[in-house]
Structures are given as C-alpha cells and as structure tokens.
Amino acid sequence: MPGSSRMPVSLRDGLTNMKNSRAGSSLRLLNIELLKNIIFFYFLLRWTRRFFWKLKGRGLIGTIVELYIDARRTAYGWFLQAPGVRSKVKAQVADATAKLQTKLIKSGERRFLSLPKQGWSDEDLRAELDRLANMDHTRWEDGFVSGAVYHGEDSLLKLQTEAYGKFTVANPIHPDVFPGVRKMEAEVVAMVLSLFHAPSHGAGVTTSGGTESILMACLSARQKAYVERGITEPEMILPDTAHTAFRKACQYFKIKMQLVPCPAPLYQVDTRRVARLINANTVLIVGSAPNFPHGIMDDISALSKIALRRKIPLHVDCCLGSFLMPFLDKAGFEVPPFDFRLRGVTSISCDTHKYGFAPKGNSVALYRTAELRAYQYFVVADWAGGVYAAPGFAGSRPGALIAGCWTSLMSVGEEGYLNACVQIVGTAKKIADRIRESPVLSTELEVMGNPLVSVVAFTAQNLNIYDIADEMTHRGWHLNSLQDPPAMHVAVTMPIVKVWEKLTDDLEAVIETEREKERVRVVEGHGAKGRAMGDSAALYGVAGSLPNKGVVVDLARGFLDTLYKA
Ligand SMILES: *Cc1c(COP(=O)(O)O)cnc(C)c1O
C-alpha cells in the first residue's frame with residue numbers, strides 16, 4: 001500500500017483500531033448527541049427568554065388578551081377568504097373604489113397620456129397651469145383645512161418662489177458646483193440644533209420630510225445597536241399614538257415593533273409599561289412632542305430617565321411640534337421639558353415644512369452626537385463609479401428646496417416664529433376652551449387630554465363623531481377623523497387663526513342638527529338602520545369596527561391606485 005505507507009505506523013494503527021472498535025463509534029455518537037443537546041438548549045434558552053420578556057412586558061393577562069386578539073383576527077381573515085364571502089367583499093371593495101374614483105377624478109377633462117408631439121408654447125402652458133392650480137378644491141386659502149398649509153401668506157410664498165428660481169439646477173450632491181446650497185443646508189441644521197438646545201457636539205441632516213427624518217433616526221439606532229452590541233433582532237418601543245412613520249421604519253428595517261397604549265384621560269404613553277418592555281434587544285424608545293392624533297405630548301422627562309437608566313437611545317418626534325415647541329415658553333404657554341436639555345434624548349425630528357413654514361419637502365433629523373449621525377450614513381468605497389458617500393436615502397437632491405427652507409427661516413426669524421406661536425397656540429386654546437364651555441359643545445364633545453400645542457382632538461358622548469365629521473365636510477371643512485377611540489381633530493394653522501370662530505359655530509350648528517336627526521330617528525323607531533352614512537362613518541364606523549381590517553387595507557390600496565389614474 002504505497003499511499004498509506006508513509007503514515008506513521010502508530011497513528012495508522014490507532015485510526016484503524018478506532019474505526020473498528022466500539023469505543024470509537026460511541027465517541028462519535030456522543031459528539032453528535034452533545035451537539036444536538038447544545039443546539040436544543042440554545043433554542044430552548046432563546047424561546048424561554050423571549051417568552052419571559054413577553055410576560056414581563058405585557059403581563060399574564062395582557063399576553064392572553066394579545067393571543068385572543070390575534071386568534072380572532074386570523075379567524076376573521078379566514079372567514080373573509082371563504083368562497084362565498086370573498087367574492088362579495090371583492091365586489092363591495094370594487095364598488096367603493098369606483099365611487100372614490102368619480103370623486104377624485106373629474107370627468108370631461110382633457111387627459112394627456114403620452115408626450116405631445118410638439119412641445120407646447122409658453123402661453124398655452126401658463127394658461128393650463130393656471131387652470132390646474134385653480135381646479136375646484138377644498139379652500140385652504142380661507143382656513144377650511146386642518147394642517148396641510150401652515151402659513152400660506154403671499155409675501156412668504158413669493159420669496160420662496162424666488163429662492164427656488166435661483167437654485168432650480170442646484171444639487172447638494174455636488175458641493176463644489178453649488179457651494180451656496182451646501183452652506184445654506186449646514187446653516188439650516190445649525191439653526192434648528194440651536195433651537196432644540198443641542199450640545200456643542202450635536203449634529204444633524206436635512207431630509208425630504210418628517211417620515212424620512214424618522215426613518216433615518218430609527219436606522220441610526222438600529223445600526224448603532226448592531227455595531228456596538230451585536231443586536232440582530234432589534235426591537236423598538238413606541239406609543240401607539242406615535243406617527244406611522246415609525247411603523248414604516250419597523251417594516252422597512254426589520255425592527256420588531258412594541259406598541260404601548262396611551263390611556264385616557266391623559267392619552268400620554270404609559271411609561272411604566274415602556275420600562276417593562278425594555279429587553280436586551282431594545283434599540284430605541286420613542287416619545288412624541290406632540291403626537292399627530294391627539295396633539296398630546298408624552299412625558300418626555302420620564303422617558304428620558306428610563307432611557308438613561310437602561311442606556312437605550314430615545315427619539316423625540318417634534319415633526320408636528322416643529323417651530324412651535326421651542327417658542328411655547330417664550331410665548332407664555334405651559335411646556336414641560338422635551339428637547340436635548342433632557343440628557344436621555346439622543347435624537348429629535350423637526351419638520352421645517354410644518355410650523356417652520358418652509359416649502360414642502362423639508363425636515364431635519366437632529367442627533368446628540370456626530371457618531372449617532374454617522375450611523376445613518378451610506379458609504380461605498382469600492383464602486384466602479386468612484387467612492388460614493390450619501391448622508392441619507394436620496395442620491396441627487398433638490399437644492400432649490402434647501403434654498404426655500406433657508407429663505408423661510410431667515411425671513412420669519414425668531415420674532416416671527418414667536419408671534420406665530422402666540423397666534424396658533426392661542427387659537428388652539430380658544431377652540432379647546434369653547435368646546436369645554438359652550439353649552440351646546442360641552443354637553444356633547446370632550447377634549448382629549450390636555451393639548452399644549454396646536455392640535456385639539458375631541459370625542460363625542462352621545463352622537464356618532466363620524467356623522468359630525470361628515471357634516472363638517474358638507475359645510476366645506478376638511479378636518480381629521482381618528483379611530484381607537486372614535487374622535488376627530490383640528491390642527492390649527494395660520495389660515496385657521498382667522499376663522500376659528502366660524503369653525504366652532506359650525507360645530508355647534510352641526511351638533512344641533514345631528515341631535516334633531518337622532519331625536520326623529522328615536523321617535524320614528526328607525527334605529528341605526530334608517531340613516532344615510534357619510535364617508536367617515538362608513539370607513540371608521542363600519543369597516544373600522546371589524547376584528548380584521550383586511551377590507552380597509554384593500555380599500556386603501558384601491559385609493560392609492562386611484563391616485564395614479566391619469
Ligand atoms: C407630520 C408628522 C410627521 C411626519 O410627516 P411627513 O408627512 O412625512 O412630513 C411625523 N410625526 C408627526 C407627529 C407628524 O405630525
């Protein structure tokens with residue numbers, strides 16, 4: 001055997017012996033058994049740990065309730081898929097989508113579905129643009145729209161348009177070609193950092209809006225946990241009233257979402273539950289200042305203490321609060337601490353395109369340190385196209401928007417924002433007071449919690465709040481319907497400051513009409529059946545009460561499809 005002759009005799013004999021002997025095979029068996037056991041215990045440990053976290057975070061009853069709700073949702077999902085039911089649901093969704101289309105898409109319009117053979121003349125284009133801008137719409141100009149347009153005064157709009165015009169071609173991806181844009185962007189970040197009392201080593205970026213600012217802060221927290229603590233199954237704890245952008249971040253970045261209830265009467269996040277939900281996988285805690293649905297500020301001080309003690313980053317969502325929050329104190333309104341002066345706060349999102357009055361497409365993400373900001377950077381060193389570095393999602397970006405933002409901040413200035421804060425928050429307080437004090441409103445509506453900023457949310461006691469919302473829509477208002485619990489809100493903006501009395505007068509009138517309708521229904525014994533239902537009532541009252549919101553999801557997808565119908 002030439003091949004094996006070179007092997008030392010002793011080793012060869014040893015191997016042969018082992019191969020043949022019982023001892024050898026049982027040793028191998030033993031190894032496999034051991035490996036099996038290790039793997040088994042590893043998974044057992046993992047699942048036990050998870051189960052323990054769940055019990056600790058949600059409590060025994062909470063865990064059971066959650067299981068029950070999940071089971072009900074799944075069962076109802078199966079029911080919706082059942083042969084006879086499925087086709088019916090499909091037909092109804094199609095019907096509702098078709099109705100939506102007729103509402104959103106004007107018939108009899110000229111439609112352009114391919115390029116014009118020859119480009120239009122400037123005059124024709126101007127005329128067409130005018131027509132498009134003046135299409136029949138809800139009158140934000142007269143203060144009939146909640147949120148949406150935050151300033152809208154002609155002088156500022158003109159200035160912003162001029163700023164756009166000077167930087168139409170600018171792209172901050174080329175800082176050497178457009179040095180002015182780079183300078184303005186850095187200054188916007190610096191001004192907002194200073195407003196929120198960032199420490200000297202604070203840092204930030206501009207983004208395309210609140211959603212992107214939030215996505216960036218969540219990404220940074222996830223990357224930090226991965227790099228520094230090896231976390232591969234990240235979890236994030238957020239109030240269930242926090243903006244949906246956080247849920248988007250969970251979906252996009254594969255972060256497990258831990259929602260925490262915000263119970264009445266304060267509607268602030270339950271901070272004891274937040275503390276209980278923290279585990280080894282937690283990468284971020286979230287608080288809103290204030291939140292979108294109810295305009296309520298969470299107890300950021302308490303969250304900051306928890307964050308510091310457990311060494312977890314804390315994001316404060318000031319997207320809506322934007323340039324109102326930093327001025328509340330000077331304007332003479334009550335405001336608990338919410339910014340970087342609380343040492344546990346590690347990042348803040350602030351929408352310059354909301355109460356910063358900048359054109360849409362502007363927001364800022366702020367970080368306590370430059371290291372935190374670096375976790376959102378995207379850098380590739382070995383691309384054929386050269387070394388590539390981008391601060392966030394976008395590659396090329398509109399420099400014109402940055403110019404518009406910088407111009408707005410410089411034009412309004414500290415005094416302007418302070419004045420706007422006095423007017424807007426003052427108006428929100430007047431609306432809340434009127435609801436609490438007027439004989440008609442106070443007997444029907446209830447203001448949710450203690451709103452400190454610009455949003456006033458309210459529930460109805462006897463009437464259906466969605467009927468009230470639909471009637472307000474008939475009167476030309478565009479307010480927001482909320483769910484869980486059923487409610488509606490108004491986000492006060494500069495245009496609304498001028499018409500808040502009409503708003504509350506209309507609310508009174510609507511409530512009186514609805515009460516009368518209700519009385520007639522009771523007298524005639526129709527019950528709920530004999531009523532015509534508005535859009536809000538149908539969407540939130542009927543579809544929203546189902547245990548599985550699959551139908552609502554289908555409707556919403558239909559709505560999105562409609563937006564792209566040319
Ligand atoms: C508006 C808003 C956001 C972000 O919204 P964008 O529409 O993406 O700008 C985030 N949080 C709150 C509380 C908001 O009101």
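Hi everyone, let me start right inside the protein: the lining of the largest cavity is made up of 5 nonpolar, 4 polar and 2 charged residues. Before I go further, please keep in mind that what you see is a predicted model.

So, which residues line that largest cavity? From the earlier part of the chain we have Val205, Thr206, Thr207, Glu212 and Met216, and from further along come Gln376, Pro391, Gly392, Phe393, Ala394 and Arg397. Two elements each give two or more residues to this lining, namely strand S1, residues 203-207, and H8. Of the contributors, S1 gives the most, with 3 residues. As for volume, the largest cavity comes out at about 60 Å³. In total, the structure holds 4 cavities of 30 Å³ or more.

Now let's move to the second largest cavity, with about 50 Å³ of space. What takes up that space? It is the ligand: the space it takes is the second largest cavity. If you want to find the walls on your screen, look for His243, Pro290, Asn291, Phe292, Asp317, Cys319, Leu320 and Lys354. By class, that lining divides into 4 nonpolar, 2 polar and 2 charged residues.

Let's turn to the ligand itself. How many residues surround the ligand? There are 13, and the closest are Gly210, Thr211, Asp317, His353 and Lys354. You have already met Asp317 and Lys354, as both are in the lining of the second largest cavity. Sorted by class, the shell around the ligand has 5 nonpolar, 5 polar and 3 charged residues. Helix H8, which spans residues 210-229, provides the largest share of that shell, with 3 residues. H8 is also one of the elements I mentioned for the lining of the largest cavity.

Here are some polar contacts for those of you who like distances. Thr211 has a side-chain N or O atom 2.5 Å from an oxygen atom of the ligand. At Gly210, the partner is a backbone N or O atom, and it lies 2.9 Å from a ligand oxygen. Then there is Asp351, with a polar side-chain atom 3.1 Å from an oxygen atom of the ligand. As for cover, on its own the ligand has 380 Å² of accessible area, and the protein covers 85% of that.

Let me finish with some backbone details. Pro290, which we saw in the lining of the second largest cavity, is joined to Ala289 by a cis peptide bond, with omega at about -5°. Where is Pro290 found? Look in the loop between strand S4, residues 282-288, and helix H11, residues 300-310.

Another cis peptide bond runs from Asp484 to Pro485, with omega near 0°. Pro485 is in the loop between strand S12, residues 480-482, and strand S13, residues 487-491.

And lastly, have a look at Lys254. Although Lys254 is not a glycine, its phi is positive, at about 50°. This lysine is found in the loop between helix H9, residues 244-253, and strand S3, residues 256-260.

That's my tour, and thanks for listening!

How values were computed. Residues are numbered from 1 along each chain as its sequence is written. This is a predicted model: local features need pLDDT of at least 70, side-chain atom pairs count only at pLDDT 80 or more; totals for chains, interfaces and linings use all residues. Side-chain values use heavy atoms; hydrogens and water are left out. A residue is near a molecule or strand if one of its heavy atoms lies within 4 Å of it. A polar contact is a pair of N or O atoms within 3.5 Å; within protein, one must be able to donate a hydrogen and the other to accept it, and residues adjacent in sequence count only if both atoms are side-chain atoms. Accessible areas come from the Shrake-Rupley method with a 1.4 Å probe; for residues, only the protein chains shown count as cover. On a 1 Å grid over the protein atoms alone, a cavity is a set of points where a 1.4 Å probe fits but cannot get out, and a pocket is an open set with protein on both sides within 12 Å along at least five of seven lines; lining residues have an atom within 4 Å of a point. A molecule sits in a cavity or pocket if more than half of its atoms lie within 2 Å of its grid points. Helices (H or I, at least four residues) and strands (E, at least two) are DSSP runs, numbered from the N terminus. Ala, Val, Leu, Ile, Met, Phe, Trp, Tyr, Cys and Pro count as nonpolar, Asp, Glu, Lys and Arg as charged, and the others, Gly among them, as polar. Grid points are joined across faces, edges and corners, and a volume is the space filled by probe spheres set on the points.
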